Amino acid sequence: MRPILLSGHERALTQVKFSKEGDLIFSVSKDHNACAWYANNGERFGVYKGHQGALWTVDVDPNTVLLATGGADNTIRLWEVKTGKLLKTWEFGTAIKRVEFSEDGRLLLGVTEKRQGQLSTVIVYEINPDPEAEQTSEQSLRIVCDELPKVTVAGFSYLSKYIITGHEDGSVSKWDAKTGELLQNVFVHDADLQVTDLQWSQDRTYFITASKDKTAKLMTVDELEVLKTYVADTPLNSAAITPVKDYVILGGGQAAMDVTTTSARQGKFEARFYHKVFEEEIGRVRGHFGPLNYVAVSPTGTCYCSGGEDGYVRVHHFDPPYFDFK
Amino acid sequence: YEEEDDIDYSDLYEQYEVQMEEGLDAFVVLDGLPKVPAESAGKLTNFVLKRLNTAGKTSSERFFMPIDEATNMTGGYAFVEYETPAQAIAAVKSLNGTALDKKHVMAVNKLTDIERYGREGRIDEEYKAPEIEPFVEKDHLRWWLGDHEGRDQFVMYRGDNVGVFWNEKDGQPDSIVDRQHWTESFVQWSPKGTYLTSIHAQGVQLWGGPSWSRQKRFAHPGVNLIDFSPDEKYLTTWSHRPLQVDEGHPILSVEEDGKNYIIWDLATGKALRSFVTLDMPGPSTDPEGNPIKKKLQWPAFKWSADSKYVARMTPGQGISVYELPRMNLLDKASIKIEGVVDFEWAPATPQREGIKTYEQLFCYWTPELGSNPAKVGLMTVPSKEIVRTRNLFNVTDAKLHWQSEAAFVCVKVDRHSKSKKSLATNLEIFRVKEKGVPVEVVDSIKDTVINFAWEPKGDRFVLITAGEIPAGAAVPPKTSVSFFCPEKAKGNQIGNFKLIRTVDKKNNNAIHWSPNGRFVLVATVLSQQSFDLDFYDFDFEGEKDEKDKDLTANLQLMSTADHYGVTDIEWDPSGRYVATSASVWKHRMENGYHLYDFKGQLLREEPIEQFKQFAWRPRPARLLSKEEQKAVRKNLREYSRQFDEADEARRNTANREIVEQRRRLLDEWLAWREKTVQYLREERED
Amino acid sequence: KEHLDTIARREVIQKKKETAANAQAAREREEATKKKMRAQQLLEAETQRLAEEQREREARRLKAEQQRVQREEMEKQIKELKQGVKGVDIDSLDIDELDTGRIRMIKLQALEKEKNEIGEKLRITGKRLDHLERAYRREEIKHLGEDYAA
């Protein structure tokens with residue numbers, strides 16, 4: 001697997017996403033910019049400039065027409081993928097930690113940060129998929145997280161039926177996506193070690209969570225039941241489920257400030273592959289010089305990419321043996 | 001950790017907080033009972049209980065009447081627990097001296113009275129001490145030796161948990177017991193592996209048997225360190241803080257007040273004698289007036305090989321030898337050895353040529369005093385005969401290294417030149433078993449010897465030398481590792497010691513011999529930069545170099561490995577495996593352990609958060625006679641065939657199990673997916 | 001008129017003479033130039049030949065030097081083989097038929113072989129160690145009962 005390095009960001013990557021066809025990669029960084037890249041050769045397709053602070057999150061709609069970004073400047077912005085045109089800006093009182101489209105692209109959710117007197121919220125907008133259309137400023141749903149610890153990650157389940165949220169205290173919740181009613185809250189990860197990522201299976205009936213407690217868990221939407229647990233030896237920032245083959249990919253690493261020694265071997269900056277069903281580690285991919293902040297798999301299952309604290313995105317196309325491995 | 005429920009904390013607290021003050025006060029001891037056959041014990045119990053219940057409340061569950069196994073009769077005495085100490089006192093008052101029938105008059109005494117009475121030595125030697133925990137059926141303490149596969153056990157302390165495991169030939173260790181908060185500071189096996197010791201603020205507890213139940217406990221508040229006698233009959237506990245014992249303490253007496261050491265009798269649970277810590281010689285403050293932290297001599301009380309004596313040195317003055325089990329000072333006086341700096345008992349009873357009764361032996365050394373040269377001496381105990389002395393000159397320091405069978409003692413002498421500048425080391429090797437105890441000197445060593453180790457049960461040794469440290473150097477100096485063995489000699493004689501080989505430019509600082517000799521691991525531990533593990537074979541079964549043909553060794557480097565951050569190394573008792581660990585007590589990098597086989601092949605590495613301690617369970621000496629061992633060796637081929645078959649079968653089963661387990665997991669997964677996909681299809685249609 | 005003819009003829013003759021002389025001179029000049037050029041060419045050829053010869057000598061010297069170094073290196077390696085690596089039959093090797101690559105290969109093969117032999121010997125040792133310990137322990141189990149009774 002010879003990696004392609006996407007260099008262009010000047011600071012740590014925070015999230016990376018593939019387009020539905022797997023041909024484009026979208027990345028956001030603390031350098032205030034969002035970028036789009038060709039997955040096959042690593043050439044830059046475009047830059048989306050306008051945010052006034054670090055970006056925390058990005059998502060692209062299923063038609064690869066609209067791009068949503070959110071960050072420390074307290075805005076969610078909607079862009080036209082093709083032209084880079086800014087279509088809409090929603091403003092909030094605190095930073096945006098997550099954005100995600102529903103599977104049909106008709107809804108967009110955002111997670112706002114909890115800060116002085118402001119509770120963490122999950123807000124939802126209805127989206128018009130036409131880039132020429134006027135987008136609404138009206139929230140169709142607003143979940144205020146007052147009884148539970150703050151939300152760190154969130155997403156829409158299959159058919160936009162539920163919203164699943166991961167929390168600061170390691171728990172995972174399920175909400176009715178129409179009414180905003182809390183249906184279930186379960187403790188999944190070690191107490192007070194936050195859920196750092198939540199990514200979906202292709203049909204959005206199950207998902208994987210990553211946590212600072214050094215584990216990732218495969219969970220069902222319907223019962224919030226933990227199906228599988230993947231144990232790593234380093235705090236995890238991200239976890240992805242591979243389509244086609246039954247693997248999961250975990251990324252993480254000890255943050256520089258927590259590493260007690262300068263020894264590079266301490267960091268464990270590797271992407272780890274586990275067998276999804278057997279929970280056994282299969283292999284690791286090295287390369288980053290800092291923790292992996294996000295890992296994403298192409299929906300076609302032919303490649304994955306990782307965004308690191310070191311400012312690089314590494315794209316790895318799987319070799320034939322990957323597909324032969326049973 | 002489901003086992004957690006098995007530990008009854010209340011009991012522990014009760015022991016130390018309640019029972020220590022009053023727990024045993026509810027017990028009474030009955031004597032003068034009729035001796036009846038075991039079958040009639042129940043009847044007698046009921047008969048006596050009727051009387052007992054007139055003074056307070058007790059029951060057959062709290063009534064214990066030992067049966068003499070030899071005669072299968074009751075012993076004529078019993079222990080009884082009342083509900084409260086007040087009832088016990090009432091029973092002593094009203095029932096002591098009650099006639100049961102014409103022949104038998106029952107004596108009722110408080111157990112604590114007898115305890116105290118016994119403690120102060122006012123009763124005669126024949127008195128049979130009462131057992132403190134008579135209700136527990138005795139476990140077979142050596143159960144673990146009966147493992148059919150001949151596996152070894154080890155204990156691991158990580159986080160708050162202490163677990164004991166079987167070491168598996170292939171694959172994960174098999175957990176036997178795992179308990180949270182089993183100890184408060186560390187765990188320690190007794191020398192033959194019978195007990196696992198846990199250390200608590202209030203004292204120590206000994207655990208064992210297949211149920212890992214508590215076997216003994218010793219109250220020593222603030223205990224820091226412990227040491228067993230080689231035969232596991234006695235235990236030394238030490239606390240840096242002097243004991244504070246008030247009048248009326250149920251276990252300790254005023255005798256122990258202000259003391260640091262207690263020497264206990266394991267069988268009775270009694271403190272035999274207690275001592276204060278001796279100040280080490282030298283100034284207690286530095287020139288600026290800051291207190292100097294002196295290195296503790298541990299163990300200060302050293303046991304003779306037969307556990308009949310325990311001795312402590314008063315630096316510069318002499319050695320006090322105490323006789324067990326009475327703990328009286330041998331011949332009522334300490335042995336005067338002016339200037340004595342260190343002493344070590346022979347680790348085995350040495351069989352010396354031309355001597356009929358083998359006595360215990362210790363080796364000591366004294367520095368230059370005035371015009372007298374430094375001296376090394378060997379003294380027998382109990383006859384206190386000086387067997388051998390040897391004068392030494394220009395001595396800076398000396399270290400005493402006994403070979404495990406007491407065949408040799410090597411005195412490593414650091415010597416300075418006349419100008420007192422350069423250092424060199426001499427080895428003065430006393431051949432203890434040979435007539436007249438001849439001394440062989442190895443003086444070819446230019447640098448300072450920083451480590452030395454005899455081959456256990458053998459006659460070869462390894463040493464590490466280090467060059468001078470350049471002033472202000474950031475890195476430790478390079479070291480050299482030298483291997484020695486005796487030359488070939490006629491008959492049973494052991495030839496002169498010869499250098500086999502020196503390996504230069506190393507960083508090694510540790511020598512770990514396999515417990516059975518032959519294999520040695522030379523390592524670099526507690527270093528920031530290097531973590532080498534070099535595995536050597538002294539009897540490699542391959543071609544031998546021509547130049548080594550007169551040596552009793554064929555040295556071969558088997559392999560080298562590297563364990564990042566290694567702090568501790570321990571061979572298993574069989575010499576088949578070595579565990580190396582990185583303990584959080586020393587640093588916080590990559591804590592956990594590695595397991596190697598004897599030849600240095602890495603079998604397993606397990607990173608464990610908050611990893612503290614790894615210790616193999618020791619085993620007692622072989623239970624087989626020489627003849628039996630010989631028979632085993634003779635039939636090894638047949639055993640070998642059986643073991644090969646068993647191993648093969650195990651491997652196959654294990655493989656089959658893995659495949660089946662995977663098949664099952666996959667089937668479950670596919671079934672769940674099918675159900676979910678079907679459900680989703682219906683949902684979408686709606 | 002005759003005089004005039006004579007004069008004319010003389011002039012003609014004179015002219016012819018001059019022309020011939022000129023031609024002769026031109027020819028000679030040309031000849032000289034050609035000669036000069038030839039000489040120059042010869043000289044150049046000679047210089048070149050000398051340079052060529054010099055180069056060839058240098059190349060031969062270098063090659064000889066290289067061969068010498070190579071041979072020294074080989075001898076060194078063979079010496080090493082003799083001393084450091086077990087199991088190589090040095091006598092069967094002819095130094096003139098070897099190159100360093102081949103020596104390195106022989107050395108590697110020998111080391112590999114030695115490693116395998118050591119590995120195999122130790123595997124057998126390890127198995128005996130394991131089996132002997134297990135056999136002792138199995139026999140010891142019989143004594144455990146007595147041990148408990150005692």
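Let me start with a term: a residue is buried when its relative accessible area is under 20%, exposed when that area is over 50%, and partly exposed in between, using a 1.4 Å probe and protein chains only. Trp454(B), at 7% relative accessibility, counts as buried.

Some housekeeping before we go on. This is a predicted model, so to speak of local features we need pLDDT of at least 70, side-chain atom pairs count only at pLDDT 80 or more, and totals for chains, interfaces and linings use all residues. Residues are numbered from 1 along each chain as its sequence is written, chains are lettered from A and ligands numbered from 1 in the order in which they are written, and side-chain values use heavy atoms, with hydrogens and water left out.

Let's stay with that tryptophan. The ring centres of Trp454(B) and Phe497(B) are 5.8 Å apart with the planes at 65°, so this pair is edge-to-face. For the record, rings of Phe, Tyr and Trp (its six-membered ring) pair if their centres lie within 6.5 Å; planes under 30 degrees apart count as stacked, over 60 as edge-to-face, and the rest as tilted. Trp454(B) sits in strand β32 (residues 448-454) and Phe497(B) in strand β35 (residues 497-506) of chain B, so the pair ties together parts 43 residues apart in sequence. Helices (H or I, at least four residues) and strands (E, at least two) are DSSP runs, numbered from the N terminus. Phe497(B) is buried too, with a relative accessible area of 6%.

How many aromatic pairs does a search of the whole structure find? Over all chains, there are 55. Another edge-to-face example is Trp143(B) with Trp212(B), at 6.1 Å centre to centre and 90° between the planes. Trp143(B) comes from the loop between α4 (111-119) and β8 (153-158), and Trp212(B) from the loop between β13 (203-208) and β14 (213-219), so to speak of sequence, they are 69 residues apart in chain B. Trp212(B) is buried, with a relative accessible area of 2%. Both tryptophans belong to one aromatic cluster, together with Trp166(B), Trp182(B), Trp189(B) and Trp207(B).Now to charges. Side chains of opposite charge can pair when their charged atoms come close. We call it a salt bridge when a side-chain nitrogen of Lys or Arg is within 4 Å of a carboxyl oxygen of Asp or Glu. The count by this rule is 68 over all chains.

Here is one between chains A and B: Arg684(B) and Glu103(A), 3.4 Å from N to O. Arg684(B) lies in helix α6 (residues 636-685) of chain B and Glu103(A) in the loop between β10 (96-101) and β11 (107-112) of chain A, so two chains are joined by the pair. Arg684(B) is partly exposed at 42%, and Glu103(A) is partly exposed at 22%.

Next, look at Asp130(C) and Arg576(B), whose closest N and O atoms are 2.7 Å apart in a salt bridge. This pair crosses from helix α2 (residues 100-149) of chain C to the loop between β40 (568-571) and β41 (577-582) of chain B. Are the two partners buried or exposed? Asp130(C) is buried at 5% relative accessibility, and Arg576(B) is buried at 7%.

Back in helix α6 of chain B, Arg641(B) and Glu638(B) are 3 residues apart, about one turn of the helix. Their salt bridge has its closest N and O atoms 2.8 Å apart. Arg641(B) is partly exposed at 41%, as is Glu638(B) at 39%.

Salt bridges with shared partners also build one network, whose members include Arg576(B), Asp647(B), Asp130(C) and Arg134(C). Arg134(C) has another role to show you: it lies over the face of Phe643(B), 4.5 Å from the ring centre. The rule here is NZ of Lys or CZ of Arg within 6 Å of the ring centre and within 35 degrees of the ring normal. In chain A, the charged end of Lys174(A) sits over the ring of Tyr162(A), 4.6 Å from its centre.

Last, the chains as wholes. Of the 2 pairs of chains that touch, B and C have the most contacts, a contact being heavy atoms within 4.5 Å. Chains A and C share no contact, and their closest C-alpha atoms lie 28 Å apart. Chain C has 2 helices and 0 strands, and buried residues make up 19% of its 150 residues.

Thanks, everyone!
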